[in-house]
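Here are my notes for someone opening this entry for the first time. Keep the viewer at hand and follow the points in order.

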Amino acid sequence: MVKRLQQGDAAACEAVIRAHHRFLVAMATPLVGQGLADDVAQETWLKAFAAIKGFEGRSRLRTWLARIALNEAHALLRQYKREVSLEGWGVDSGSPIASSFSDKGTWSHPPAQWHHDSPEALLTEAELHECIRKHLHRLPGDQRSVVLMRELGGLEFAEIARATGLSEGNVRVLLHRGRQRMHAMLNHFEEVGTC
């Protein structure tokens with residue numbers, strides 16, 4: 001695929017856009033907002049296609065695109081003078097479900113069973129998806145970016161670390177914290193039935 005892109009194959013360009021565009025928009029959204037995420041993705045494609053001949057394949061294509069998108073997001077924020085402070089980026093804010101565990105590390109308040117075995121439960125699936133989307137956007141920016149890159153983009157820890165400039169250990173902690181927050185949200189949804 002990369003060779004075809006480097007040769008300017010239009011079908012390959014179209015295929016790679018179809019495969020990665022949604023990922024780029026989803027990754028940029030937490031950084032610049034929904035309104036500018038498409039702009040970031042478009043700029044990413046322009047930069048990527050202009051530089052594809054220099055792509056040496058030392059990382060996966062998606063990782064390379066993610067790095068370009070992050071750079072474009074930061075450039076766009078600077079352009080709009082809405083740069084988000086990176087103070088706190090990568091700082092561990094603690095576990096949101098720590099109170100659910102005893103001192104021995106066992107559940108003191110086990111999570112509710114998650115099930116969808118009734119028509120009502122199936123009908124709430126759309127509400128659950130909306131709730132997941134809402135809470136995903138409430139995650140701190142660093143956690144949201146790592147969760148999106150890993151869960152949506154399927155990037156490896158090393159690839160996320162390269163794309164974000166964080167250590168792999170820090171990426172793992174951010175992913176763990178983000179997953180815990182999402183778990184707490186899902187548990188609340190299952191117990192209460194609302195977002």
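1. Start with helix α8, which spans residues 157–164 and is mostly covered: 6 of its 8 residues are buried. The buried ones are F157, E159, I160, A161, A163 and T164. Bear in mind as you look that this is a predicted model.

2. What lies over those buried residues? The cover of α8 includes α4 (61–79), α7 (141–152) and α9. Right after α8 comes G165, and its phi is positive, near 80°.

3. Next, the cysteines. A search of the whole structure turns up 1 disulfide. It joins C131 and C195, with the sulfur atoms 2.2 Å apart, inside the 2.5 Å cut-off for such a pair. This link connects distant parts of the chain: C131 sits in helix α6 (residues 125–138), while C195 is in the segment after α9 (168–192), and the two are 64 residues apart.

4. Which hand does the disulfide have? The torsion about the S-S bond of C131 and C195 is about 90°, so the disulfide is right-handed.

5. Are the two partners buried or exposed? C131 has a relative accessibility of 1%, so C131 counts as buried. C195 has a relative accessible area of 37%, which makes C195 partly exposed. While you are looking at cysteines, check C13 too: its relative accessible area is 18%, and because buried means under 20%, C13 falls in the buried class.

6. Now for the open spaces. The largest pocket has a volume of about 320 Å³. Its lining is made up of H129, I132, R133, L136, H137, V147, L148, E151, L152, R179 and M182. Three elements, α6, α7 and α9, give two or more residues each to this lining. The largest share, 5 residues, comes from α6. Sorted by class, the lining of the largest pocket has 6 nonpolar, 2 polar and 3 charged residues.

7. The second largest pocket holds about 260 Å³ of space. Around it you will find R22, F23, V25, A26, T29, R62, L136, H137, L148 and L152. At least two lining residues come from each of α2 (10–32), α6 and α7. Which helix gives the most to this lining? That is α2, with 5 residues. By class, the lining of the second largest pocket divides into 6 nonpolar, 2 polar and 2 charged residues.

8. If you flip between the two pockets, look for L136, H137, L148 and L152. They are among the residues lining the largest pocket, and they also appear in the lining of the second largest pocket.

9. On to the charges. Side chains of opposite charge can pair when their charged atoms come close. How many salt bridges does the structure hold? There are 8, and three of them are worth a look here.

10. In the pair E14 and R18, the side chains meet with 2.9 Å from N to O. Both belong to helix α2 and are 4 residues apart, so about one helical turn separates E14 from R18. E14 is partly exposed at 49% relative accessibility, whereas R18 is exposed, with a relative accessible area of 60%. The class boundary explains the split, because exposed means over 50%.

11. E156 and R150 also meet in a salt bridge, at 3.9 Å from N to O, which sits within the 4 Å limit for such a pair. E156 is partly exposed at 45% relative accessibility. R150 is partly exposed as well, at 23%.

12. The last pair brings you back to the largest pocket. R179 forms a salt bridge with E151, and the closest N and O atoms are 2.6 Å apart. R179 lies in helix α9 and E151 in helix α7, so the pair ties together parts that are 28 residues apart in sequence. R179 is partly exposed at 41% relative accessibility, and E151 is partly exposed with a relative accessible area of 46%. Both R179 and E151 are among the residues that line the largest pocket.

Key. Residues are numbered from 1 along each chain as its sequence is written. This is a predicted model: local features need pLDDT of at least 70, side-chain atom pairs count only at pLDDT 80 or more; totals for chains, interfaces and linings use all residues. Side-chain values use heavy atoms; hydrogens and water are left out. Buried means under 20% relative accessible area, exposed over 50%, partly exposed in between (1.4 Å probe, protein chains only). Contact means heavy atoms within 4.5 Å. On a 1 Å grid over the protein atoms alone, a cavity is a set of points where a 1.4 Å probe fits but cannot get out, and a pocket is an open set with protein on both sides within 12 Å along at least five of seven lines; lining residues have an atom within 4 Å of a point. Grid points are joined across faces, edges and corners, and a volume is the space filled by probe spheres set on the points. Ala, Val, Leu, Ile, Met, Phe, Trp, Tyr, Cys and Pro count as nonpolar, Asp, Glu, Lys and Arg as charged, and the others, Gly among them, as polar.
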